[in-house]
Amino acid sequence: MYSIILAGGSGTRLWPLSRAASPKFLHRLGGTDESLLQATAARVERLSDPDRVYVVTGIAHAAAVARQLPAVPERNILVEPEPRDSLAAVALAAAVVAGRDPEAVMAVYSADHLIGRQERFEELIGIAAGAAATGALVTVGIRPTRPETGFGYLHLAEELAPGVHRIAEFREKPDAETAAAYLATGEYLWNAGMFVFRAAAFLAELERQRPELRAGIAAIAAAWDGPDQEAVFGATWPTLEKISVDYGVMEGAAAAGLVATVPADFPWSDIGDFHSLGESLDGDAAGNVVLAGGAVAALRSVQDSVVVSTTGRVVAVVGLRDVVVVDTEDALLVCPRSRAHEVKQVVDALKEQGHSARV
């Protein structure tokens, strides 16, 4: 099996730690010495040989990706000239892989997720690969543990094989009442953005739903590894439709009965903001999660808070509960954990004020 790691985006809800030039997947946010990207690559080591691991990333991050993943061959780091959202990224990987191995089965992962229970993860990806070998487009859905409004949902239909269900439809991010109703039925999964399919099957569905995008990808793939690769890639890529893989292919494929899912019960987090980061990691006796590196975090009468520092300075917090404190060289964030999702609005405001270099 081929493993495709999507390493894009800037993680604006994790500002000021995550920036456009240094996004969250390059940072050590899993409570270990590995970055999220390195942890993702380590997670698939027993599923894919190093020469079957591919990373799709942007120009700004290509050098850092190569440094962090020295075992991944340089030719397997696919560098986008500019962001075109996830459908173009997945299609590019599928076309390049299919050109090298027409029978390839590929699994697609985000570089910035935390996943636990490694053996269970490998087991379920194996089940998904078996379903993909039959031609299905498979998504790995996460069994919800709470009525979450920040994720899309997958509506389960009948069981196709042990551990594999057809997906009736994709549902958008719901309001709180709808999310609670989904949870109560037991028929919905969180859409975690993990996919397993034959590269050829995905490209065929892309042709059916997005023929213009498929034609552009085909032109790029035809020139790949040849003398005209750079010229064709640079000219064609900016013309591709900018759309997510969910909207662009998977939703339409589900409506046609082509999408299956493997319900997963391993711990999973997309670390969407500092609140979810705090939920994903083990805290101290008071429930505090501290990622300080070489800094000193001095906490007194502090509970259920998240403290992150990259500066080496002393960060002192006294008498607070449920707060986020993030200290970097040129920016300081302090907010209640319950409002951590609003950090993106701070980033938007800084851009409007002409401070794009700070984000």
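UniProt positions are given in the numbering used here, and annotations may be inferred rather than shown by experiment. The model is predicted.

**Exercise 1. The annotated span**

Task: State which residues the annotation "domain: Nucleotidyl transferase" covers, and describe that span.

Solution:
- Start with the record. The unreviewed UniProt entry places this domain at residues 3-279.
- Then turn to the model. Helix makes up 39% of the span and strand 23%.
- Finish with the ends. The C-alpha atoms of the end residues lie 27 Å apart.

**Exercise 2. Strand β14 and its partners**

Task: Work out which way the side chains of strand β14 point, and whether they are buried or exposed. Then find how β14 pairs with β12 and with β16.

Solution:
- Take β14, residues 306-309. V306 and V308 point one way, V307 and S309 the other.
- Apply the cut-off: buried means under 20% relative accessible area. All four named residues are buried.
- Go to strand β12, residues 289-291. β12 runs parallel to β14, and 3 bridges join the two. Here L291 stands opposite V308.
- Go to strand β16, residues 323-327. β16 also pairs with β14 in the parallel sense, over 4 bridges. S309 has D327 of β16 as its bridge partner.

**Exercise 3. A salt bridge between distant parts of the chain**

Task: Locate the partners of the salt bridge between D265 and R120, and classify their exposure.

Solution:
- Begin with the total. The whole structure holds 21 salt bridges.
- Check the distance. The closest N and O atoms of D265 and R120 are 2.8 Å apart.
- Place the residues. D265 sits in the loop between β10 (259-264) and β11 (268-269), while R120 belongs to helix α4 (residues 118-132). They are 145 residues apart, so the pair links distant parts of the chain.
- Classify D265. Its relative accessibility is 36%, so D265 counts as partly exposed.
- Classify R120. Its value is 22%, so R120 is partly exposed too.

**Exercise 4. Two further salt bridges and a network**

Task: Give the N to O distance for R171 and E169. Do likewise for K344 and D348, and say where K344 and D348 lie.

Solution:
- R171 and E169 meet at 2.6 Å. R171 is partly exposed at 27%, and E169 is partly exposed at 32%.
- K344 and D348 meet at 3.4 Å. K344 has 38% relative accessibility, so K344 is partly exposed. D348 has 30%, so D348 is partly exposed.
- Both K344 and D348 lie in helix α11 (residues 343-352), 4 residues apart, about one turn of the helix.
- Last, the network. Shared partners join R117, R120, E123 and D265 through salt bridges.

Key
Residues are numbered from 1 along each chain as its sequence is written. This is a predicted model: local features need pLDDT of at least 70, side-chain atom pairs count only at pLDDT 80 or more; totals for chains, interfaces and linings use all residues. Side-chain values use heavy atoms; hydrogens and water are left out. Buried means under 20% relative accessible area, exposed over 50%, partly exposed in between (1.4 Å probe, protein chains only). Two strands pair if DSSP finds at least two bridges between them. A salt bridge is a side-chain nitrogen of Lys or Arg within 4 Å of a carboxyl oxygen of Asp or Glu.
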